[in-house]
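Q: Please take a close look at a single part of this structure and describe it for someone who has not seen it before. I would like one connected account that also places the chosen part in its setting.

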Amino acid sequence: MKRILSLLMVAIWLTAACGLHAAKPGTGASVEFEEKAHDFGTIREADGTVTHVFGFTNTGSSPLVIITATASCGCTHPKYSPEPVKPGEKGSISVSYNPAHRPGEFDKTIKVRTNDPKHKRVNLRITGIVIPAK
């Protein structure tokens, strides 16, 4: 009986000790985008590529890293810096869309992977309507 009680006490102690060393809320990198969607409205195919910059802030306590940013098709190109964004600093992802030979509505997704433990994956979105060239 003493042995079971001792094992139970050790298990409770280990559980409590592990809880003390768990990550504190709000620690680590934390990405907060100013916006996650942008509507280009109506654009003309003849005017060529359009670009929008999605800004974000690292609201965490550790450097934020954009691991990847991939578009849903070859007509959309995201660009970002691989350099870590320090806590409290801003960063951006520039997204370009080429409307050549793509008349009509478009709705594209950019999948962003970060080292933010709560927001490892963030989806950005661009939409609009392309007026065909004559």
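A: A residue is called buried when its relative accessible area is under 20%, exposed when that area is over 50%, and partly exposed when the value falls in between. With these limits, D107 counts as partly exposed, because its relative accessibility is 42%. D107 is the point from which this account starts, and the model in which it is examined is a predicted one.

The side chain of D107 meets that of R125 in a salt bridge, with 2.5 Å from N to O. R125 belongs to strand 8 and D107 to strand 7, so this pair ties together parts that lie 18 residues apart in sequence. R125 is partly exposed as well, since its relative accessible area is 41%.

The strands on either side of this pair deserve a closer description. Strand 7 covers residues 104-114, and strand 8 covers residues 121-131. What is the state of K108, a further residue of strand 7, buried or exposed? K108 counts as buried, because its relative accessibility is 18% and the limit for that class is under 20%. The C-alpha atom of K108 is separated by 9.8 Å from that of A37, although the two residues are 71 residues apart along the chain.

Strand 8 also contains R121. R121 is exposed, as its relative accessible area of 65% shows. Together with K111, R113 and K120, R121 gathers in a patch of positive charge on the surface.

Before strand 7 comes the loop that separates it from strand 6 (90-97), and H101 has its place in this loop. H101 is not a glycine, yet its phi is positive, at about 65 degrees. It counts as exposed, because its relative accessibility is 72%. P99 is found in the loop between strand 6 and strand 7 too. In contrast to H101, which is exposed, P99 is buried, because its relative accessibility is 0%. The C-alpha atom of P99 is 7.9 Å from that of R44, while 55 residues separate the two in sequence.

R44 leads to another salt bridge. How many salt bridges does the structure hold? There are three, and the pair of R125 and D107 is one of them. In another, the side chains of D47 and R44 meet at 3.0 Å, N to O. R44 is partly exposed, given its relative accessible area of 49%, whereas D47 counts as exposed, since its relative accessibility is 52%. These two values lie on opposite sides of the limit, because exposed means over 50%.

A46 has its place in the loop between strand 2 and strand 3 (50-58). A46 counts as exposed, because its relative accessibility is 60%. Its C-alpha atom is 5.3 Å from that of A133, although the two residues are 87 residues apart in sequence.

A further salt bridge is formed by the side chains of E34 and K90, at 4.0 Å from N to O. E34 lies in the loop between strand 1 (31-33) and strand 2 (37-44), and K90 lies in strand 6, so the pair ties together parts that are 56 residues apart in sequence. Both E34 and K90 are exposed.

The structure also holds one disulfide, which joins C73 to C75 with 2.4 Å from S to S. Why is this disulfide called left-handed? The torsion about the S-S bond of C73 and C75 is about -50 degrees, so the disulfide is left-handed. Its two residues fall into separate classes: C73 counts as partly exposed, because its relative accessibility is 23%, while C75 counts as buried, because its relative accessibility is 3%.

The wider setting can now be given. The secondary structure of the protein comes to one helix and eight strands. From the N terminus on, the order of the elements is α-β-β-β-β-β-β-β-β. The protein has 134 residues, of which 31% count as buried. Within this arrangement, the partly exposed D107 links its own strand 7 with strand 8 through the salt bridge to R125.

Terms used
Residues are numbered from 1 along each chain as its sequence is written. This is a predicted model: local features need pLDDT of at least 70, side-chain atom pairs count only at pLDDT 80 or more; totals for chains, interfaces and linings use all residues. Side-chain values use heavy atoms; hydrogens and water are left out. Patches are made of residues with over 30% relative accessible area and no salt bridge: like charges are joined within 9 Å, nonpolar side chains (Val, Leu, Ile, Met, Phe, Trp, Tyr) within 5 Å. Accessible areas come from the Shrake-Rupley method with a 1.4 Å probe; for residues, only the protein chains shown count as cover. Lys and Arg count as positive and Asp and Glu as negative; His and the chain ends are not counted. The place of a charge is taken as NZ of Lys, CZ of Arg, CG of Asp or CD of Glu. Helices (H or I, at least four residues) and strands (E, at least two) are DSSP runs, numbered from the N terminus. Buried means under 20% relative accessible area, exposed over 50%, partly exposed in between (1.4 Å probe, protein chains only). A disulfide is a pair of cysteine sulfur atoms within 2.5 Å.
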